[in-house]
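Hi everyone, thanks for coming. I'd like to walk you through one structure today, so please have a look at it before I start.

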Amino acid sequence: MQPNTAGFRIKPHLKSLRTVLLCSIAAVLCLFTPAKAQLAISTPILPSVTNFRDLAGIPASFGGTGYVNPTANFGLMRAGVIYRSNTLTLSNTDFATISRLGIGRDIDLRTPTEISQTPDVVPTGTIYTNINVIGTPAMPPVTAFLDPQGSLLSIGQNGYRTFVTNPTERAGFGAVLVTLAHDSRPDLFHCSEGKDRTGWTAVMLQSIAGVSPATIMTDYLASNTYLAGRINSQAAALQAAIPGLSGVNLTPLLGVDASYLQAAFDQVVASYGSMYGYLTQGLGLSQADIYVLRARMVYYPALPGQIGSSGNAASGAALLNALQNSPLSGRYTNYNFYLQSAVDQGTLGGVQTQVGGQVHADAASYLLRQPLRTEEAISPYASGSDLGEGQSRAWLAGSGGEFRSAGQSGVADSTEYSAGSVVGVTYRMNKQASANFGVGYNWGSVGSADATATVNTVLATLGGRYGFTALESGIFMDARADAGWTDYQSRRSLGAGLGTATGNTNGVVYSGRLGLGDVYYLAPATFTLQAGIRASGVSLGGFKESGSDLALNVHGLNKTSSSLLVDLDASLDRQTVGSWSIAPALTLGYERVLGNPQSDSLGTLYGVAVSQKSAYDSHDLMKAGLGLTATRDAFTVKARGNGVLGDGARSSGISGQLSIAYRF
């Protein structure tokens, strides 16, 4: 972080240009800014406390723009967060007015003597805190500075230099800033007139915020306008009491002068090299302190790289942006430190792709396609056409595979791995009908956007086939139903000091398939052509992640999907090899997903919603497989390899199955 400190002297011809540029950018960005930051400055005028105002900016009638000040990195000051003033000599009317502002703390910068002479009238609900930044019991009287032989300007300049060089004063100002950093409610700070000790405190805060040097100077000099009536009356009283002062301009003594502030700036550079050096080395602020103060004071309508991002990345960036108005911002949180660092570095560092929880959408997509893997494992034994009437076959099928989806338009790539087994029985009841039943377990791992989800499913499957003439030939119908219970665990590494968000839940997956096909023999192969429809569904319960400031409340994941299916299986006649008979097979398939193939997830954090889409978005899947069956007496071994390719190669995968069976 480098606060706006270098070169507080700005060339005159650049001042207006920079002001116009910043104001123009701020005006455009206001379109993306919460209502509070869009409002013009509307700080109430308090006749009994004339130098009361908002640190965020000042009305045009007092020399400001009338709107919140823009800051570096295209930020905007937040109104209603920090106020400054002179002594709180509140009238009854002004007391009621200021009490409605919700000020949590009144930080009085005065000495004990000043306080005893004019105590504060503390607003309702406000904590009073005295931090004597000068460290002396009392301030010298005004007449102590009336040296006819000296220069009022030089006296003021020397006084401001001590803000930088005096260890006691540095400790006092440091305590003020740290106190402000630890508060969560609006604050007010003040001295007697609200121009010197208060003015320097305001300058430090505005420098941390990144307000331009020209605007800082304008706001500083506005004390002369706010205090004009008091300056005139005090000057008249002094000139009446001391005739020698008649005709002397006392504004440099009773008000402020640009040379005072410039003297302090010059001393900052001479002693510490920059305002940042003064804040950290001179006042002892940490980087976290500075970032908390800046987040309290500044809102960034657009974060680095947010404009122009798309898809899941845009949704994640919008969440990071909106959280500026949550309890995570302006406090000592990992999120606050990350976001302020990202603003300084000009990049969100990829967190925008990680924060939304894309892996949850990818996991839902994986579960919706789980029936495909189950079918691949079961299909070699589903028909029962090679069994005799009344015969059964017990089988154990193991499978494993990998599937990848290429992300696009702000969606990260996704990779899936799976492995599992199903044990079951197929029974041929008669010439025309068979049934099969199986139970199994499937393990899956889904990875995307530096996150992983582990999905464990215990499933059951039930199917049957009916041949209109016989199972071995002619037209047939088949049906299958699957259901499973799923344990779901996720782990999202967010990086950038944001920790790892973990969560777990459980749910169910289910599917049903109905098909119509034809079996015919054309030497030397048997062909099976089938068309059908499959419907699948997944329902996972909502859960709360933990382990990170950006852990989400993940809403329940519920989706159904349906597909049209066309499959062709060609199995060559068996060939005898020793005591075994061998039969190779080729399988081709096509699947058309009806509706939107992408899955969505939804999470919330502090009432802000973030939605994500799965990387898988293929409407069409082309499938091909090669298999080999080896049979010896009642014992059968089957092996198969499969490949699948989605639209434009955006999705692809390979899988394999190995099974053993025994006929009885």
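Let me begin with a small puzzle: in which loop does Ala-496 lie? Ala-496 is in the loop between strand 12 (474-493) and strand 13. By strands I mean DSSP runs of E with at least two residues, while helices are runs of H or I with at least four, and both are numbered from the N terminus.

Quick word on the ground rules. What you see is a predicted model, where local features need pLDDT of at least 70 and side-chain atom pairs count only at pLDDT 80 or more, though totals for chains, interfaces and linings use all residues. Residues are numbered from 1 along each chain as its sequence is written, and side-chain values use heavy atoms, with hydrogens and water left out.

Back to Ala-496. Its phi is near 55 degrees, a positive value in a residue other than glycine. Ala-496 is exposed, with a relative accessible area of 51%. Exposed here means over 50% relative accessible area, buried means under 20%, and partly exposed is in between, with a 1.4 Å probe and protein chains only. Now take Ala-449, in the loop between strand 10 (433-448) and strand 11 (451-467). Ala-449 isn't a glycine either, and has a positive phi of about 50 degrees, but Ala-449 is buried, at 15% relative accessible area. One more loop: Ala-523 and Pro-524 are joined by a cis peptide bond, with omega about 10 degrees, and Pro-524 sits between strand 13 (500-522) and strand 14.

Okay, zooming out. The protein chain has 19 helices and 24 strands. Its radius of gyration, taken over C-alpha atoms, is 38 Å, well over the 26 Å that the globule rule (2.2 Å times the number of residues to the power 0.38) gives for 664 residues, so the chain is more spread out than a compact globule. The C-alpha atoms fill a box of roughly 130 × 45 × 40 Å along the principal axes. Of the 664 residues, 54% count as buried. Helix 8 (residues 213-221) is a nice case: 7 of its 9 residues are buried, so helix 8 is largely enclosed by the rest of the structure. Among those buried residues are Pro-213, Ile-216 and Tyr-220.

Next, helix 18 (residues 358-368) and helix 19 (residues 370-382). They pack at about 35 degrees, with axes 4 Å apart. Those axes are lines fitted to C-alpha atoms, for helices over the stretch in contact, and angles run from 0 to 180 degrees between N-to-C directions. Tyr-366, Leu-367 and Leu-368 of helix 18 make the contact (heavy atoms within 4.5 Å) with Gln-370, Pro-371 and Arg-373 of helix 19.

Finally, the holes. A cavity is a set of points, on a 1 Å grid over the protein atoms alone, where a 1.4 Å probe fits but cannot get out; lining residues have an atom within 4 Å of a point. Points are joined across faces, edges and corners, and a volume is the space filled by probe spheres set on the points. How much space lies in the largest cavity? About 250 Å³. Of the 25 residues lining it, the closest to its centre are Arg-373, Glu-376, Glu-402, Ile-654 and Ser-655. The second largest cavity has about 160 Å³, and Leu-368 and Ser-561 are among the residues closest to its centre. Strand 17 gives the largest share of that second lining, 4 residues.

How values were computed:
On a 1 Å grid over the protein atoms alone, a cavity is a set of points where a 1.4 Å probe fits but cannot get out, and a pocket is an open set with protein on both sides within 12 Å along at least five of seven lines; lining residues have an atom within 4 Å of a point.
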